[in-house]
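Reader: Could you walk me through one part of this structure up close? I'd like to look at the spot where ligand 1 sits, and at whatever is around it.

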Amino acid sequence: MKFADLHLHTYFSDGTFSPEELAGHGQRLGFAALSLTDHDSVEGCARMAAACGAAGIEFISGTELTAEHNDTELHLLGYFVDTQNQKLLTEMAGFQVVRQNRIREMVAKLNELNMPLKAESVFALANCKSPGRPHVARALVKAGLCKSLDEAFERFLKKNRPAWVPKAKMSALEGVELIHQAGGLAIMAHPGLNRTDDVIPALVDAGLDGIECFHTKHSTATSERYLEIADKFHLLVTGGSDCHGFSKGKPLIGTVKLPYEHVEKLKAKMAERQLTTNERQ
Ligand code: AMP
Ligand code: ZN
Ligand code: FE
Ligand code: FE
């Protein structure tokens, strides 16, 4: 049996592994295909493609966008996106600025709570353009202000906790369109985590290509429920570990093994789309 992990993060967003380390783990675990889905970034894709190539692993370019529909936050995975697509890169650069400003706001809130953390130390630790809450949590632990990442999230960073700052998000319908115009497939990430079932029909109408049925935080029953939903709406099925290296405890790569037949279905949809595009030209 061949398997894939299509949801992975590196230090180009809030993971701790380099693309090379991640590809190395993928090889050790025997994966046939991997995708890199850093938040609001495709920066690591070129190195990941090279590292996967050297390891004999098929690589699928990807990213994970934060979006919302009717006040529900959801994450969109974009697979096979053109990593040079100008509009995608421009939009992502905008999201990255939003992320950087949000770090400053969260640090200001922490300072008001007498937690003497500096935004500069978060940026130095993150050392990437797409910083997020896990970097703030790691900086709090590093500064000795929290004992663990969990404590940092529980006390300060979780939604509605005192240092949490909502993130300005793009509309999910625009997100699907952005991924499509960059030549990719738009997939709703971990629907079981964001409880986004209600918004699935609207996204399907907007052209959603699939849903991530298999995810570390989906129980078997949850995965089965989303397989049924995928079937009902004729959606593609994806899955991945959402591994962040050591930034959320222990590395998760290897905990989700997506049967390779689903990768073949993704590729078939890409080929079909290319055919219709060529016919139109
Ligand atoms: P952000 O994009 O800045 O909102 O951060 C989101 C990241 O923080 C995602 O990778 C989440 O999985 C992670 N995250 C959210 N809540 C927690 C938590 N309670 N503990 C650890 N990581 C979390
Ligand atoms: Zn993340
Ligand atoms: Fe996510
Ligand atoms: Fe993720």
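Reader: To start us off, how far does a backbone N or O atom of R133 lie from an oxygen atom of ligand 1?

Author: Sure, and keep in mind that this is a predicted model. The distance you ask about is 2.8 Å, from a backbone N or O atom of R133 to an oxygen atom of ligand 1. Side chains reach the ligand's oxygens too. In K167, a side-chain N or O atom is 2.9 Å from an oxygen atom of ligand 1, and for R99 the distance from a polar side-chain atom to a ligand oxygen is 3.3 Å. How much of the ligand gets covered? On its own, ligand 1 has 500 Å² of accessible area, and the protein covers 80% of that.

Now zoom out a little. Ligand 1 sits in the largest pocket. Two elements each give two or more residues to the shell around the ligand: α3, which runs over 86-112, and α5, which covers 133-142. The full list around ligand 1 is D14, H39, R99, R102, G132, R133, P134, F153, K158, K167, H244 and K248. Sort that shell by type and you get seven charged residues, three polar ones and two nonpolar ones.

Next, pick out D14, H39 and H244 from that list, since these residues also hold a metal. The zinc ion (ligand 2) is coordinated by D14 (OD), D14 (OD), H39 (NE2) and H244 (NE2), at 1.9 to 2.5 Å. Along the sequence, the zinc donors follow the spacing D-x24-H-x204-H. D14 is in the loop between β1 (3-5) and α1 (19-28), while H244 is in the loop between β9 (236-240) and β10 (258-259), so this pair links distant parts of the chain, 230 residues apart.

There's a second metal to find: the iron ion (ligand 3) is 6.0 Å from the zinc ion (ligand 2). E64 (OE), H75 (ND1) and H190 (NE2) coordinate the iron ion at 2.0 to 2.2 Å, and these donors are spaced E-x10-H-x114-H in sequence. H75 belongs to strand β5 (residues 72-79) and H190 to the loop between β7 (185-188) and α8 (191-194), so the pair ties together parts that are 115 residues apart in sequence.

Notes. Residues are numbered from 1 along each chain as its sequence is written. Chains are lettered from A and ligands numbered from 1 in the order in which they are written. This is a predicted model: local features need pLDDT of at least 70, side-chain atom pairs count only at pLDDT 80 or more; totals for chains, interfaces and linings use all residues. Side-chain values use heavy atoms; hydrogens and water are left out. A residue is near a molecule or strand if one of its heavy atoms lies within 4 Å of it. A polar contact is a pair of N or O atoms within 3.5 Å; within protein, one must be able to donate a hydrogen and the other to accept it, and residues adjacent in sequence count only if both atoms are side-chain atoms. Accessible areas come from the Shrake-Rupley method with a 1.4 Å probe; for residues, only the protein chains shown count as cover. On a 1 Å grid over the protein atoms alone, a cavity is a set of points where a 1.4 Å probe fits but cannot get out, and a pocket is an open set with protein on both sides within 12 Å along at least five of seven lines; lining residues have an atom within 4 Å of a point. A molecule sits in a cavity or pocket if more than half of its atoms lie within 2 Å of its grid points. Helices (H or I, at least four residues) and strands (E, at least two) are DSSP runs, numbered from the N terminus. Ala, Val, Leu, Ile, Met, Phe, Trp, Tyr, Cys and Pro count as nonpolar, Asp, Glu, Lys and Arg as charged, and the others, Gly among them, as polar. Donors are N, O and S atoms within 2.8 Å of the metal (3.2 Å for Na, K and Ca); water is not among the atoms, so sites may look incomplete.
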